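I opened a new page for this model. My notes follow in the order in which I looked things up.

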Amino acid sequence: MEVKQEAGAPEKIKPPTKLEDSGELEIRIKKYLRGDGANLEALQDKKLRGQLTVREKLYGKSAEAAAKAEKWLMPSEGGFLEAEGIEKTWRIRQESIAREVDISSSRNQYDIVLPDLGPYTLDFTSSGRYMAAAGRKGHLAVVDMKNLSLIKEIQVRETVRDVVFLHNELFFAAAQKKYPYIYNRDGIELHCLKEHGAVLKLQFLKNHFLLASINKFGQLHYQDVTTGGMVGNFRTGLGRTDVMQVNPFNGVVALGHSGGTVTMWKPTSSAPLVKMLCHRGPVAALAFHPNGHIMATSGKERKIKIWDLRKFEVLQTLPGHANTLDFSHKGLLAAATGSFVQISGNFSESQSYSRYMTHSMAKGYQIKKLLFRPYEDVLGIAHSMGWSSILIPGSGEPNFDSWVANPFETSKQRREKEVRSLLDKLPPETIMLDPSKIGTMKPPSRKQKPTKQERESEMEAAVAAVKDMPIKKKTKGRSKPSKSAKKKQDIIVRTKRPFLEQQMKEEEALSRKKQKASEEAELPKSLQRFARKKAT
Amino acid sequence: MAEKKSKSGDSGRPNNKRNQSMSKTLPKDKNNNKKLKNKRKRTGPRLPNALRKEVERLNPLRPSDSEGEEIDSDEAEFGNGRDVYEYEEEAPPEESRRNRRFDPVDNLEYELPDEFEDEIVSSDDEEDVGRSDDANLSDAEAEDDEGRHIRMLQEITGMPSETFQGKKRKKGDLVVSEAYPESEFNPSHNVGDGDGRITIQDLLDPLHGKAGYSKLRKRTSQMERKPMSIQAPLPKPYREKLERKVAYEQSKKDITKWEPLVKRNREAPTIYFDQDLDLGFSTVGAIASEFEPRTEFEKKIASLVHDDKVKEAHEKDGARLLELNKTSIEDEKERRDRIAKMRSLLFRHEIKQKHIKKIKSKTYHRLMKKDRAKATSAQIEMDPEAAKEQAMKQEFKRAEERMTLKHKNSSKWAKRILQRGLTTQDEGTRAAISEQLHQHALLTRKMNSMKDGSSSEESSDEYDDENSVGSDQDKENLLAKAKEKTLKVFEEDDEVPNTGVLSLPFMARGLKKKRDAAVEEARLALQEYESSSKQMEDSQGIEDTKENSMKGRMVFGAVQLQAPGANNVSKSEKTYDDSDGEDDMETRENIDGGSHSGNDMQNQVQNGSTVLHPDSETHDYSVFKSFDDIVKNPGAKTTYEVAIFASDGWRKMKGSNKETAMKKKQDLLEPASQKKDLEEASGDSDTESEGQMVDGILSSGPTQSYELPSQADLIRHAFAGDDVEEDFDKHKMEILNEENPEPEKPIVLPGWGQWTHIQQKKGLPSWMLREHENAKKTRQDALKKRKDAHLKNVIISEKVDKKAEKLHTKSLPFPFTSKDVFEQSIRMPIGPEFNPATAIGALNRPEVVKKSGTIIKPIKFEEVNPHEKAEYGNEQKHLSKKKEVGKSSKKNRAKAKN
């Protein structure tokens, strides 16, 4: 293997901007307050009001402390390319960047050429320290990206379609010809997941420890990797697809289908949570913004659409075709088709994405997958001739949280973190469109009123139950047939009464509503003032 | 008489005082006095009360009485009396006292108060003057009497009158008698009236001058002045109720002072109950400073440690310590010698032990064991402690045996033997079994004597030694032994006696027959042993093969394939070694025996590995070589090969650089052919994958070329999903209908009302139509309420996830009444992952902070400003309080939670 470094021309990297302290702090505090508190003045309950005031005060303090901590503990701010005069940022080539950056950064520009073992696909661990590369023709490799050393390389001698790291670099799953397999870092096969079938695409949900896969027959599988249990197995019914992406915000798995639809799934429901028609052509690629609110899709009809997932509306439609899409930590969107990579970003205050950088590989290289390396300004490109890596200034999050993802993790820390993350493992039912709704009131169940037939049948059943009741034998002519018949009638009437009353009530309410509506509808505006005011 | 006068003089002053205090009564009294003077003249015999009242009724009041004096009953009565008996001028003789026929003392008790009063009143009236008048009057009389008396005394004693006078004066202070001489000027109307009433004044007067008198008098005068009717006391329950009410008011007032304190505690988010606990010493130094040497040794040490010299040396540079440390050469020598001796002793002991350890003789060990047992038994006899220990050991063993039933034929070996039947076993086995049972019996028997136990223990130990190796090993051992024995039998059989009875031909024949039978039996037995041993071997072999087969799937590269093979070989060798070690015969038999499945397998694998080994090596080499090639020729990279992804298969187009490609192909083809061999050699499990792989590599051949898809294909591909939107709409409608089914259209039941054609004309009944309309409307409403109602190309599932329901709260928690307030109150996470460390404590602090073991004392009163805004920065307050507590000794500041 060879690491090829490119040389380049100078460009300015913008220094971190300094905002006014107070305003910035306020903005940060607002961020950490996570929304407004309730209007406590309106509360009737004095005690509750007191308690809530105390809580709110504590929240305020906590937010302020957090904002200050953020200010002092996260000093580095990401920069980005800034053009001067008639320069354009997308004209800047990798060579010119390499000339400007330090040695350790310039080491991240290289091409690894492996022509034999087919188009490659990549996956990074969440810290960005390790990379798994899988060649179509059975080449699996785990690389330490810090010192660019190959940890393990194996040849499985069958088609490998996808590779994905599990919770840490010790395990990775590879979708092979017939089944997906799980290997450890030493290349030892640990599991063969036969239930998944011939998997086209794999995804791992880190917080839930679920391995999601979509197979040739369009079946979506969720497997818990801690217990080994199959959590979900759904037929999408929308045909074969290899476009799958997990929303990092809520763990919802999105699939792109040939009908131009994107479906979103959770492991506890057999029907998709959301099904949206995104493109008129087949969906070619799919990516989620790390904050989970923005989704980018590309269709075969040469359109890239950016969606707001809170409203399920298109934010922006970009022209062009993309075989693969990826969002960086900072929200840059990389799209690639053929051997051409384009990165767009929304640096201006407007939400629209515009061209930021471009890069073209050697002619003939077919890019299979783009993946931003976490916490680095690096974009990994997996293509038909191996993989490459280029610098995209401003793409990575500059401050890493060592409790979340530590690129400099020691083995002891890794073990510690594994245990911790297992303890914090989320059950699969916590996957939902809006996970912030957990703990709130149950949404009012749309309990449908029983239909008329149901009501009638219920009433009939009640009547039948009463009818069959034996009547006590009484003396002195009180159990005469006439008397007993009357009694029976009485009982039936009594059982029917509540049903009838309810029915009447409903009807009444309905008629009143209707009347109201009709009144409102009837009178023209000019005459409405003469309408009888209802005494309320 | 003199006594009377003195009395009046004495009593005059307090009365006077009284009158000064109540000015209002003064004039009345004045009148009284005057009247009294008049009355004196008009007194008559006293009428009974009833009669007098009657008279009073008959006679209207005189104007003189219209002064409103009716109130004073005494006065009124008096007045009436006067009116009635006005005609009677003469006083009774005993009253008038003039003639002195009656003893004045008789009346004293009755008269005194009234007279006093009168006298007082008079004195009051004219203040000093009046009194002096009175005094003059009385004095004149008294002097008369005195004069006579003195004269009489003078005459008797012959002493001057002055002496007696002085004496009398003195006496007069003490003697109390009738206040006044009875005369018309000094009337004692009471007596005269016969009215024996006692006024309060009468009762008060004797108390005159005593403590509390003035108070009493005041009260009485007050009562006189403001006379009011006293009501009858209330019934008890009412009284008590009132009392309770008053008490309640009082206690209410008392308790309100606690209110701000309690309020503060109620409103506080956290209440702290901690005292400063005295944990004693906190540092080692503190403990050391308190140390006092008690024992002799400690004292000695202390004396050395606290030696002045040493201390001084320490305080200085410590150089003097060296001087203090001096030892003599002799001492050092002695020490060295001692140590050398000890070392040599140790060494010898060690050598000895090593030697002993090396001894392998069984007899030696047996003897040693016996010795040890003896020693222990001796010790048991000597030492009760050791005996106890031994007994304990024995008991433990017994318990263990009872628990595990180790010797109750529960071992694998014993079970097998029993399964086969004891009768078919040979002597040794049976003996062993019975021995074991005996062992069990011994162990489980209740121990009475120690000796028995010890012997059994010994035997069991021996037995254990034999059996401890493990059941498998056991079996082998046994088999080996049995074989040896049978072989011995063979050998013995060979020697035939030449002389004696046995050498006789028939005997010899009989013997031979017997021997033959025995030999036959022995052979059979031998065969059995062999078969059994073989079985054991086989089972091991099967296990091995199993392991191998398990590893069979893990074939990633040839290197890995080779590894298990080698492993296998080594393993098989190992097993052979083992068996060799056991018995030569066995291996021989094993090899000769018919069933060699395991062995065969191993051979096979060995072959396989030998076949594979070179191949894999070369293959690896080639792969790496190809990589190397690529790395070496980076220049060719740009125009190397173009691979295009089409559907699933991979095809390679030839690049311009044919030479390198060809080279590579050659490289690749070589391993491919080798791989074929490999495929054949290896098991059938991997065939599919390898086939694919071979395909993949073969497909890289130069003959294939990429065909561009036709234009029609491309167009079809591009517009494959043209009617996508319609499809989607349809699908959406389907889903909506599924979730909110469309109401059924009202239909006419066949036959109902049709024969009259009325219904046909009228159409459907109105109620049906109405119902249908309602249903439609509800459906529309439901559809409108959907989240995706306004989103044309989106379907958001409204299905309720039952599993996720548990993540929501079912109902509003108690104090909350509004959903929004509740949800906003839980919007902030409070865990350590989401908050800075400084805020977590406050966010998660419990309502009550209390160290375990702290006694919660009842609430203590302290001044709290009720208008003070409750402090919520409780922590600081708490801290400050803590400091305060620390300063102000051990004052308990436990706040009670109310």
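**Chain B, overall.** I began with chain B and counted 37 helices and five strands. Helices here are DSSP runs of H or I with at least four residues, strands are E runs of at least two, and both are numbered from the N terminus. Of its 898 residues, 28% count as buried. I use buried for under 20% relative accessible area, exposed for over 50% and partly exposed for anything in between (1.4 Å probe, protein chains only). Among chain B contacts with a separation of 6 or more, 71% come from residues 24 or more positions apart. A contact means heavy atoms within 4.5 Å. The exposed area of chain B is about 63400 Å², and carbon and sulfur atoms supply 56% of it. Areas come from the Shrake-Rupley method with a 1.4 Å probe; for residues, only the protein chains shown count as cover.

**Ground rules.** I noted that this is a predicted model, where local features need pLDDT of at least 70, side-chain atom pairs count only at pLDDT 80 or more, and totals for chains, interfaces and linings use all residues. Residues are numbered from 1 along each chain as its sequence is written, chains are lettered from A and ligands numbered from 1 in the order written, and side-chain values use heavy atoms, without hydrogens and water.

**Chain A, overall.** Chain A has seven helices and 28 strands. I found 47% of its 536 residues buried. For contacts between residues at least 6 apart in sequence, 49% join residues at least 24 apart. Chain A exposes about 27500 Å², with 53% supplied by carbon and sulfur atoms.

**Salt bridges.** I counted 25 over all chains. The criterion is a side-chain nitrogen of Lys or Arg within 4 Å of a carboxyl oxygen of Asp or Glu. I looked up A:Arg280, which pairs with B:Glu725 at 3.0 Å between the closest N and O atoms. This pair crosses between chains, from the loop between β17 (274–277) and β18 (283–288) of chain A to helix α32 (residues 724–739) of chain B. A:Arg280 is partly exposed at 39%, and B:Glu725 is partly exposed at 27%.

B:Glu725 also meets B:Lys792 in a salt bridge (3.7 Å, N to O). B:Lys792 sits in the loop between α34 (766–785) and β4 (794–796), so this pair ties together parts 67 residues apart in sequence. B:Lys792 is exposed at 54%.

Next I checked B:Glu739 and B:Arg786, whose side chains meet at 2.5 Å, N to O. B:Glu739 is in helix α32 and B:Arg786 in the loop between α34 and β4, so the parts they tie together are 47 residues apart. Buried or exposed: B:Glu739 and B:Arg786? Both are buried.

In chain A, I also noted a salt-bridge network linking A:Glu24, A:Arg28, A:Lys31 and A:Glu70.

**A:Arg55.** This residue lies in helix α2 (residues 46–73) of chain A. It is partly exposed at 27%. Leaving out residues up to four places away in sequence, A:Arg55 touches B:Ala842 and B:Leu843. Its C-alpha is 9.9 Å from that of A:Gly37, 18 residues apart along the chain.

**Nonpolar patch.** B:Phe297, B:Ile301, B:Leu304 and B:Val305 make a nonpolar surface patch of about 410 Å². Patch residues have over 30% relative accessible area and no salt bridge; like charges are joined within 9 Å, nonpolar side chains (Val, Leu, Ile, Met, Phe, Trp, Tyr) within 5 Å. B:Ile301 is in helix α15 (residues 296–305) and is partly exposed at 38%.
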